[in-house]
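User: I am new to this structure and would be grateful for a close look at one buried arginine and at what its side chain reaches. Please then set that residue beside other parts of the model.

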Amino acid sequence: MRIGAIFGLALVIVQSYLLFVMTAQHESWLVRSYQNRWSFRDVPSIRGALLDRFDRPLSHDEPRFELSCIYERFRLWHPVAAAIHGASLWSSLRGDLRNYTYAAGPLGPEVAARDFLSLPVTALAEGVLPKEVRKALLQSAYTVLVACSERTKANVRGDLRSALQNPGMLQLGDVPGVRAVEDMEEQFAGILSRFRALDETLSEVLPPSVVGAPAEMETVKKHSLIAQLDLLRTLSIEQRRTKHLDKQGIERPGELIERTARLLFANVPFTIAASVRVAASDQPGLLLEPSVLRVAAANLPKSLAQILGSTSQLDRGPPQGDKAWQRFEDYIDGRVDNAMADDLADLVPDSLTPLQDHSLALRDAALRSYEHLLRSSERRGSSGIEASLDAELIGKPGMRLIEHDAQSREQLLFGSLRVQKGNDVALTIDLDLQNLLDAEVQASLLHWQAEATAKGRDAARVDVACAVIDAQTGDVLALASSPTELDKQPRIPAALSWRGNGAIGSLLKPLFLVEQFAATATDLPHKDLGTFLPCNRLWHRVAGQQLECDGVHGVSGTRPEYALAMSCNVFFFQVAEGLEEAGLRRALWRFGMLPPEAIADDGRYQARPAELPESLCAAPRFSGRQLVQQRGIGYGIESNPLSLARAYAALATGVLPTIGLRRGEVRAGYSLLIEDTFLATVREGLRQCVQTGTAKQLMQLKTLAVCGKTGTAEIGSKGDNNAWFAGFLPTRSASGTQLCFCAVVYSVPDKTHGADAAGQLIDELFLQMAKDPELHSRYLREAGR
Amino acid sequence: MKVLTVLARVDWWLSLVTIALCLVGLLFLRSTTQDDPRFQAQFGKQVLFVILSLGLGFFCILVNYLRVLRAAFLIWGLGVLSLALLPVFGSVINGSRRWYSLPGFSVQPSEFAKLTVVIGLAALLRFDRRNRAFGGLFMPLLVAMLPAGLVLLQPDLGSALVFGPVLLAMSYAAGVSGRTIAIALGVACLALVVAYFEGMHGYQKERISVWAQHWYWDATERDVREILRGAAYQPWQALIAMGSGGMAGFGLGEGPQNRYSFLPYRSEDYIFAVVGEETGWLGCALVLLLYLALVFGLLRLAMNIRERFGRLVCVGVAAWIGCQSLMHAAVCCWLVPSTGVPMPMVSYGGSSVLATVLGVALCLGIGARREPVLAGDGFR
């Protein structure tokens, strides 16, 4: 009876403990059960595409995959890895210390397999080796034999068992019995060739992300699966661990690296990913996760790519500095709040768990998980238009609350936060025109670099840029700059900024002429045109400087049209003297290039299009301490081609457009506030400039009756010039556009004029446009023809 | 005694409890194997083994146990031999050499060894006078510890530990004094401590060490999480299964730890955790009550048997089943360090169910042939 009492007592103890665990502690164990099987799964968001004005994608997201490796699984179950690790371990036991590798060579996988298959079975018998070592060798042997003998796992297990009972002189390769060692080596060669084919295929994939990788992974020279696996092999053998900071900020060793999933390849295309997934059993330990890649249009020119900018994942461009961190944190908080505010209940339904506290904890976990998702994989525009239109382009990543099994296979879906694709944004850019312009800009750059080299000058100083806009709407149709980088450092696009002293030269003369007319009409300070003296090349000597013109224009030089066509400096010295600096500034304000002084801003000043970030653009400005006469011919005033194209668009239409890069946007236009007759005079001067004046050699422009103006500004004492040309087509095309443009070639050799360099570029552009039926129809065919 | 007379005197309540435990085993085995193709064959095999065991058990009842007594040492010897030959003919599964592989199934001799030890010990201890002295324990110790040692070498610590309580219970029933038993227990504990430092495998020490630590763990700490993924994975998952089952459980086949394969070896070493997860504390209590009924039934039977061999066999089988079922339950709720012990008649395993049912059947046969106990005849 006492035995029964002891049993009864023990049973009561067990039952009482069970009661305690299953009732008093039930909730905490239930939560652990939830934690075991419930998890949030990330769903990457799709960012909106950037389209050109005809809805052709310039930059868009494509689904991709990330290939990771849990190396422990790989080395245990992949026959190539098992052979390498088995052979290495066996050689180290013999004191040989051979370091077999995945890479082909004297210690490559073939040699490893051969050496491993020649391992004497007696070594695997119980008691010969330490238990852990024996276990590791047996696992490698098992994996290699199953793969090479093509026998079932159970058969191989039986073979191994039998061989271990009577090892004799058997070698590992003899174990399956039914296959010769040579056959097994041949089978291994087949496996190896498939493994190498995968390596070959993956070498085409974009470089991997290095996030979270140990420092060594970043220094892998050859980007290949084999090289990365060799590195992981070393880390595995050395039992290296991840590191993390504890609550006290002290670095602690974490998980064994071989047990964590290490990213090998980001951006694996679907075709490759599919082949890996289909043959997943051939590549144990390799994991595929969905991701997204921002893909640029195949024919996207470099300079446009620079303006469009790029995206980066939040964790791959950590902000620098406290303020930047704060902005970053604020951004994350905002995104989390915005994304989760209404949807948290959908993601974590109230009915999910009877534990109210856990339901709340789950929602907290959802917020943290979403925040982690944003931090680890959300992509933001980091430069260019991608950055400035980020708020519209950015999508909302999704998340799902799922129940999964021990192998992390999804079993149930409880709730989800839907992925929201970002909005597509159609730009005003015409990809065809952009490509053509880029080709011309590139050709011009090469030409003038060659010229500079031939004349013993620094070819790196040459920059070419051009902006083409629609004068009617202010739509930016094409923006090209070259080079886009110097010494491998990106350069601010010359179409949006300036180089050197940035002098514009005579391109400003029509603007000042307009101001002369406006001042005359409104009785602001000016000189009457009737009092202007003829041009005999030399003008006064002011502050020790002799002011002069390029030619002797005589009495004709007092006529505005002629002065404009021939770019008579003497005429414009007198204009500037009459207008004074305030008048010149007013002229630039009238054309939206400078903010107003002493008058209310009506909004016409535009430093840059709203879609372009400040970092890409430099707004026009007065600079230096130039004489007013010199400012009158374009010195001491810096501007970029896009701003000048806008000013010339105002000359073309009488209305200063607001320039922008978003298609279909209605933007404000600002009257130049002068009579049409005055504008007609200016346009006539610009027309004559091309027909008979300083740009008369530009035959294609002459044919098209383009109104244009050359500008040649000397750069300091180095004897180089900035060559400019700006203008517009006289009428709208059948499609309603009226092309307006401005081009510049910086640092052309002395005696090279605006028409020779920038003018030639535009002339060639229009020639090529005329040859292209599409572009001709869009921009050159006049209405009704 | 005629067959019908024997059958008429069989304790059918005990038989029903045994059958009930076998059916409970099948019920939960069905639950553990239904969603996993790797285990689906287990259920069919177990059904066959239960039918076979009950059939053989029935015939075992009919066999006069005196035949067993006569062959007791031969049976014990066969048990020891089957264990001794394992290193030569046994198969290695999961690092242990515990099975003989036969076409279609495997035989685990350590399960039968428990029954043979009970028979051997009963045969040895049936002579009352020998057991009074401390020295009289030497032979029984040898009879129990030789097979226990062989089982330990497989290695199978859990099964080896069952032999100790069986020996102590049978010795006590045979008349060994409580003081001697206490001393023997003390020595056993000391031996265990020495074994921990000197004889145990690394993984066995690790199991004891994580068990000792788990009472004050903070499962959110990184180091602890790593242990929970490693050495403590199995008992921790079992504890989650038990704890999350609550009072009434998730329902048959609905336990997430079971259904989603978080619980390893759930059809064998952790089936009671499945019972807890799917039927809650009430289910656990019911199953343990069945064991209680079986153990007390066997002990009551023993009390009513005058013949010492039969009585000791009943005590031995009761101690074996009681000890093993409690150990299994305690392992599943991590009350003791984790070790692989099947729950008699409930866990998957043909050898286990066959040996246990035969053991119970032997007791039932002994009970059916007992002489009536008359008041005042000096039976202790």
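Analyst: In this predicted model, the side chain of Arg646(A) comes to 2.6 Å from the backbone oxygen of Pro657(A). A polar atom of that side chain also lies 3.2 Å from the backbone oxygen of Gly592(A). Arg646(A) belongs to helix H23 of chain A, which covers residues 641-653. With a relative accessible area of 2%, Arg646(A) falls under the 20% limit and is therefore buried.

The surroundings of Arg646(A) come from several stretches of the chain. Neighbours within four places in sequence left aside, Arg646(A) is in contact with Ile469(A), with Phe591(A) and Gly592(A), and with Arg604(A), Tyr605(A) and Gln606(A). The list of contacts also includes Leu656(A), Pro657(A), Thr658(A), Ile659(A) and Tyr670(A). Two of these residues, Gly592(A) and Pro657(A), are those whose backbone oxygens were named above. A further relation across the sequence concerns Val476(A): 170 residues separate Val476(A) from Arg646(A), yet their C-alpha atoms are 9.4 Å apart.

Another buried side chain with a polar partner in the backbone is that of His78(A). A polar atom of this side chain lies 3.1 Å from the backbone nitrogen of Val80(A). His78(A) sits in the loop between helix H3 (71-77) and helix H4 (79-93) of chain A. The relative accessible area of His78(A) is 1%, so this residue counts as buried. Beyond its neighbours within four places in sequence, His78(A) touches Arg73(A), Thr143(A), Ile191(A), Phe195(A), Asp282(A), Gln283(A) and Pro284(A).

Glu410(A) offers a partly exposed case. This residue lies in strand S11 of chain A, residues 410-417, and has a relative accessible area of 34%. Glu410(A) is in contact with Arg41(A), Arg400(A), Ile402(A), Glu403(A) and His404(A), again leaving aside neighbours within four places in sequence. Its C-alpha atom is 9.5 Å from that of Trp38(A), although the two residues are 372 apart along the chain.

Charged pairs form the next topic. Side chains of opposite charge can pair when their charged atoms come close. Over all chains, 42 salt bridges are counted. One of them joins the side chains of Asp55(A) and Arg663(A), at 2.9 Å from N to O. Asp55(A) lies in the loop between strands S2 (50-51) and S3 (57-70) of chain A, and Arg663(A) in the loop between strands S21 (655-657) and S22 (669-671), so this pair ties together parts that are 608 residues apart in sequence. Asp55(A) is partly exposed at 42% relative accessible area, and Arg663(A) is partly exposed at 36%.

A second pair consists of Arg64(A) and Glu62(A), whose side chains meet in a salt bridge of 2.8 Å, N to O. Here Arg64(A) is buried, at 14% relative accessibility, whereas Glu62(A) is partly exposed, at 26%.

A third pair lies within one helix. Asp230(A) and Arg233(A) form a salt bridge whose closest N and O atoms are 3.0 Å apart. Both residues belong to helix H10 of chain A (residues 225-237), and their separation of 3 residues is about one turn of the helix. Asp230(A) and Arg233(A) are both buried. Elsewhere, salt bridges with shared partners link Arg47(A), Asp61(A), Arg294(A), Arg379(A), Arg380(A), Glu386(A) and Asp390(A) into one network.

Helix H15 of chain A shows how a helix can be checked against its expected span. H15 has 22 residues (356-377), and at 1.5 Å a residue it should span 32 Å; its end C-alpha atoms are 31 Å apart, which agrees. The buried residues of H15(A) are His358(A), Ser359(A), Leu362(A), Arg363(A), Ala365(A), Ala366(A), Ser369(A), Tyr370(A), Leu373(A) and Leu374(A).

On chain B, the surface supplies a contrast to these buried positions. Leu74(B), Leu78(B), Leu81(B), Leu85(B), Val88(B) and Phe89(B) make a nonpolar surface patch of about 580 Å². Helix H5 (72-84) and helix H6 (86-89) of chain B each give two or more residues to the patch, and H5(B) gives the most, with 3. Val88(B), in helix H6 of chain B, is partly exposed, with a relative accessible area of 45%.

Conventions:
Residues are numbered from 1 along each chain as its sequence is written. Chains are lettered from A and ligands numbered from 1 in the order in which they are written. This is a predicted model: local features need pLDDT of at least 70, side-chain atom pairs count only at pLDDT 80 or more; totals for chains, interfaces and linings use all residues. Side-chain values use heavy atoms; hydrogens and water are left out. Helices (H or I, at least four residues) and strands (E, at least two) are DSSP runs, numbered from the N terminus. The expected span of a helix is 1.5 Å times one less than its number of residues. Buried means under 20% relative accessible area, exposed over 50%, partly exposed in between (1.4 Å probe, protein chains only). Patches are made of residues with over 30% relative accessible area and no salt bridge: like charges are joined within 9 Å, nonpolar side chains (Val, Leu, Ile, Met, Phe, Trp, Tyr) within 5 Å. Accessible areas come from the Shrake-Rupley method with a 1.4 Å probe; for residues, only the protein chains shown count as cover. A salt bridge is a side-chain nitrogen of Lys or Arg within 4 Å of a carboxyl oxygen of Asp or Glu. Contact means heavy atoms within 4.5 Å. A polar contact is a pair of N or O atoms within 3.5 Å; within protein, one must be able to donate a hydrogen and the other to accept it, and residues adjacent in sequence count only if both atoms are side-chain atoms.
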